[in-house]
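Me: Please take a close look at one part of this model and then work outward from it. I would like to know where it sits, what it touches, and how the surrounding elements are put together.

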Amino acid sequence: MEPLSTIRLGISRCLLGHPVRYDGGHKHDPFLTQTLGQYVDYVPVCPEVECGLPVPREAMRLVRTPQGVRLLTQKTGIDHTDRMLAWAAPRLDALEKEGLCGFIFKSRSPSSGMERVKIYGATGQVVDHGSGIFAGLFMARFPLLPVEEEGRLHDPLLRENFIDRIFCLQRFREGVEKEPSLGALVQFHTRHKLQILSHSPEHYRALGRLVAHAKGQPLAEVVRAYQELLLAALRLKATVPKNRNVLQHIMGYFKLDLTREEKRELEDIIRQYARGILPLIVPVTLLSHYARKYEVRYLLEQTYLSPHPLELKLRNHV
């Protein structure tokens with residue numbers, strides 16, 4: 001794969017180790033700074049500090065009131081909702097110009113939690129769950145952008161899915177949006193077919209039909225529709241059964257090249273992956289070897305075999 005420009009990600013500032021939390025602390029995440037941070041440029045955001053609140057400050061929570069869900073301090077009940085909303089509008093305008101490929105939010109934060117943030121009632125009991133004020137506004141403004149919380153990124157499958165999405169979006173922007181053409185779109189789709197298939201066979205077929213009938217259609221509309229379908233497909237996790245289907249599909253390219261013993265070994269490795277004994281990296285590495293050995297150009301250009309840097313070790317989990 002050709003090198004990409006550095007991916008830009010929005011991130012809750014405290015996850016980078018900045019002491020901006022209500023108690024003057026932080027929530028530094030080593031994976032985000034030391035591992036993923038080698039491949040991305042972060043755009044830090046702390047809604048509470050940037051809207052003018054001090055450090056330290058009184059803790060806040062979301063409260064359901066007759067006026068809707070409000071952002072109130074826990075002890076004194078001061079309402080900071082309007083302050084947050086006034087700050088958020090121009091900040092979202094500025095973030096739109098940053099070329100973000102996604103955002104990593106701080107979980108459970110009343111301003112930045114992506115989901116499952118507690119919403120309290122008038123009596124102090126939890127009555128519902130939702131998104132933090134800023135996170136909700138961000139996701140409404142940029143519904144196609146990949147978003148995650150640092151807590152969910154501890155799950156290997158969710159981590160791989162998120163990083164899969166941001167690298168793919170960056171390739172789309174550089175390969176299609178930068179200099180749009182039908183040829184660029186066809187080339188992108190051809191290289192990403194198996195990656196898309198591993199996420200959603202249904203979207204794989206829909207994207208294939210979109211590209212097949214794109215000639216003569218307004219290019220901007222086709223590109224926009226393709227991006228929407230692509231990101232919707234990648235939002236779905238690449239499960240073991242879907243990966244197994246793709247691995248077996250790739251194996252079909254070598255049916256005339258492999259010896260009987262090599263076929264048996266490859267089939268056994270794919271079965272062991274499907275049973276949870278081997279990680280995905282094992283069959284992918286062997287198939288990549290055969291693609292190089294037999295010079296199968298179509299497979300060598302497939303992003304499925306190398307969707308993100310190996311150093312991230314995203315396919316090493318069982």
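Reply: Ser112 lies in the loop between S5 and strand S6 (117–120); helices (H or I, at least four residues) and strands (E, at least two) are DSSP runs, numbered from the N terminus. This is a predicted model, in which local features need pLDDT of at least 70 and side-chain atom pairs count only at pLDDT 80 or more, while totals for chains, interfaces and linings use all residues. Residues are numbered from 1 along each chain as its sequence is written, and side-chain values use heavy atoms, with hydrogens and water left out.

Ser112 has a relative accessible area of 4% and therefore counts as buried (buried is under 20%, exposed over 50%, partly exposed in between, with a 1.4 Å probe and protein chains only). Apart from neighbours within four places in sequence, Ser112 is in contact with Ser12, Pro47, Phe105, Lys106, Gly132, Phe134 and Ala135; contact means heavy atoms within 4.5 Å.

One of these contacts, Ser12, leads to the strand pairing: its bridge partner in S2 is Val45. Strand S1 (residues 7–12) pairs with S2 in the parallel sense over six bridges, where two strands pair if DSSP finds at least two bridges between them. Both belong to an open sheet of four strands in the order S2-S1-S5-S8, with parallel pairing. Its edges are strand S2 (40–45) and strand S8 (147–149); each has a single partner strand, so one side of each lacks a neighbour in the sheet. The twist from one strand to the next averages 25°. Helix H5 (residues 156–177) lies across S1, strand S5 (103–105) and S8, and runs at about 135° to S1; axes are lines fitted to C-alpha atoms, for helices over the stretch in contact, and angles run from 0 to 180 degrees between N-to-C directions.

S6, at the other end of the loop that holds Ser112, belongs to a second open sheet of four strands, ordered S4-S3-S6-S7 with mixed pairing. Here strand S4 (68–73) and strand S7 (126–130) are the edge strands; each has a single partner strand, so one side of each has no neighbour in the sheet. Neighbouring strands of this sheet are turned by 40° against each other on average, direction ignored. S6 and S7 pair in the antiparallel sense over four bridges, and Tyr120 has Val126 in S7 as its bridge partner. Strand S3 (residues 60–65) and S4 are also antiparallel, over six bridges, and form a hairpin with two residues between them. Within that pair, Arg64 has Val69 in S4 as its bridge partner.

Arg64 also takes part in a side-chain pair: Arg64 and Asp128 meet in a salt bridge at 2.9 Å, N to O (a salt bridge is a side-chain nitrogen of Lys or Arg within 4 Å of a carboxyl oxygen of Asp or Glu). The pair links distant parts of the chain, with Asp128 in strand S7 and Arg64 in strand S3, 64 residues apart. Asp128 is partly exposed, at a relative accessible area of 33%, and Arg64 is partly exposed at 38%.

The structure holds 18 salt bridges. One of them involves S1 of the parallel sheet: Glu98 pairs with Arg8, the closest N and O atoms being 2.4 Å apart. Glu98 lies in the loop between helix H3 (81–96) and S5, and Arg8 in strand S1, so the pair ties together parts that are 90 residues apart in sequence. Glu98 is partly exposed at 27%, and Arg8 is partly exposed at 28%.

A further salt bridge joins two helices: Arg91 and Glu50 have their closest N and O atoms 2.7 Å apart. Arg91 lies in helix H3 and Glu50 in helix H2 (residues 47–50), so this pair ties together parts that are 41 residues apart in sequence. Arg91 is buried, with a relative accessible area of 17%, whereas Glu50 is partly exposed at 26%. Finally, Glu115, Arg116, Glu148, Glu149 and Arg152 are linked in a network of salt bridges.
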